[in-house]
Amino acid sequence: MIGTSAMLFEAPGEFTLACQRRIWALMDVASMRADVAEVMPGVTNLMLIFSTPPECPDEVAADLRRAWDHLPEKHIKGRQFDIGVRYGGELGHDLASVALHTGLSPHEVIALHQAPVYTVCAVGSVPGFGYLHGLDPRLATPRKTTPSLKMLAGTVTIGGPQAGISALTGPNGWNSIGFTDLVMFDPTRQPPALFAVGDTLRFRAESIEL
C-alpha cells in the first residue's frame with residue numbers, strides 16, 4: 001500500500017513487451033473493482049488509486065497476484081508515428097558519449113536507434129512522457145551522473161535500456177542524441193499528451209551533425 005488510498009503492483013521479471021501487455025490486462029481487471037477510482041500503468045507495474053480505502057488490502061493484493069498468474073497478454077492497437085530526428089549537434093550533444101560507451105560509431109548508433117519499432121508502454125514521470133520499449137540492447141547507456149539542467153522538450157534520449165523523448169524542458173539525466181519538433185505535451189490540446197499506451201513509433205533521421 002501507498003498510504004491508505006493507493007497500491008502499487010510490481011510485476012516480476014525483466015522489462016519485456018510480453019510482461020507489459022500483461023500489465024495492460026491487469027489494468028482492465030483492476031479497473032472493474034468498485035472501490036478503484038483510477039488505474040495507472042507504469043513500466044512493469046500498475047498503481048491502483050482507491051475511491052475508498054480497502055478494508056483488507058492483503059485480499060486485494062492476493063486477487064491481483066492470482067489474476068497475474070492467469071491473465072493472457074492484452075494487445076492494444078494504437079496510433080503509429082513517424083518521428084523525424086535531427087541527430088547530434090548542440091541538441092544531441094551526448095551522441096558521442098553514447099558511441100564511446102557502446103563502442104560503436106555515431107553513425108552505427110543512429111542506424112541502430114532508427115531500426116526498431118518502439119511501443120509506448122506507459123505515459124508518466126512528467127506529463128506526456130512516453131516510456132518506450134524496443135531499444136536495441138547494444139545502445140543501452142547509463143544515465144548521466146550529472147544531469148543536464150535545462151534539456152529542451154523534444155530532445156531524443158537514451159536512458160539505460162530505454163529510449164525516450166523529453167516531454168518538458170528541465171533537468172534530465174538521460175543522454176541526448178537528437179531532437180524532434182514534435183510536441184509531446186500541450187495543455188491546450190485534447191488530449192494534452194501526444195502518446196498513449198499501445199502507440200508505436202519509428203525514428204527517422206532528418207539530418208545528422210557530428
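I'll start with one pair: the side chains of R33 and D35 form a salt bridge, 3.1 Å from N to O. This is a predicted model, so please hear every value as a computed one. The two partners differ in how much surface they show. R33 has 26% relative accessibility and counts as partly exposed. D35, at 14%, counts as buried, because the cut-off for that class is under 20%.

That pair does not stand alone. R33, D35, D63 and R66 are linked in a network of salt bridges. Within this network, the side chains of D63 and R66 meet with an N to O distance of 2.3 Å. Where do D63 and R66 lie? Both are in helix α2, residues 57-70, three residues apart, which is about one turn of the helix. D63 is partly exposed, at 33% relative accessibility. R66 is partly exposed too, with a relative accessible area of 48%.

Now a salt bridge that spans more of the chain. R86 and D181 meet through their side chains at 2.9 Å, N to O. R86 belongs to strand β4, residues 80-88, while D181 sits in the loop between β11 (175-179) and β12 (200-209), so this pair ties together parts that are 95 residues apart in sequence. As for accessibility, R86 is partly exposed at 31%. D181 reaches 55% and counts as exposed, because that class begins over 50%. In total, the structure holds ten salt bridges, and I have picked out three pairs, R33 with D35, D63 with R66, and R86 with D181.

Next, helix packing. Helix α2, which carries D63 and R66, also packs against helix α1, residues 17-31. The axes of α1 and α2 come within 10 Å and cross at roughly 130°. That angle makes α1 oblique to α2. The crossing of α1 past α2 is right-handed. Which residues make the contact? From α1 there are C19, R22, I23, L26, V29 and A30, and they meet L64, A67, W68 and D69 from α2. By type, the residues of this contact divide into eight nonpolar, no polar and two charged.

The second helix pair is α3, residues 95-102, and α4, residues 106-114. Their axes come within 9 Å and cross at roughly 95°. The two helices are therefore roughly perpendicular to each other, since angles of 65 to 115 degrees fall in that class. On the α3 side the contact uses L95, V98, A99 and T102, and on the α4 side P106, V109 and I110. How many of these residues are nonpolar, polar and charged? Six are nonpolar, one is polar and none is charged.

Last, a single residue in a strand. T119 is found in strand β5, residues 118-123. Is T119 buried or exposed? T119 is buried, with a relative accessible area of 10%. If we leave aside its neighbours within four places in sequence, T119 is in contact with L17, W24, Y131, L132, H133, D199 and T200. Two of those names take us back to the first helix pair: L17 and W24 fall within the residue range of α1, 17-31.

To recap: we have a network linking R33, D35, D63 and R66, an oblique packing of α1 on α2, a roughly perpendicular one of α3 and α4, and T119 buried in β5.

Technical notes. Residues are numbered from 1 along each chain as its sequence is written. This is a predicted model: local features need pLDDT of at least 70, side-chain atom pairs count only at pLDDT 80 or more; totals for chains, interfaces and linings use all residues. Side-chain values use heavy atoms; hydrogens and water are left out. A salt bridge is a side-chain nitrogen of Lys or Arg within 4 Å of a carboxyl oxygen of Asp or Glu. Buried means under 20% relative accessible area, exposed over 50%, partly exposed in between (1.4 Å probe, protein chains only). Helices (H or I, at least four residues) and strands (E, at least two) are DSSP runs, numbered from the N terminus. Axes are lines fitted to C-alpha atoms, for helices over the stretch in contact, and angles run from 0 to 180 degrees between N-to-C directions. Angles under 35 degrees count as roughly parallel, over 145 as roughly antiparallel, 65 to 115 as roughly perpendicular and the rest as oblique. A crossing is left-handed if the near helix is turned anticlockwise from the far one by less than a right angle, and right-handed if clockwise. Contact means heavy atoms within 4.5 Å. Ala, Val, Leu, Ile, Met, Phe, Trp, Tyr, Cys and Pro count as nonpolar, Asp, Glu, Lys and Arg as charged, and the others, Gly among them, as polar.
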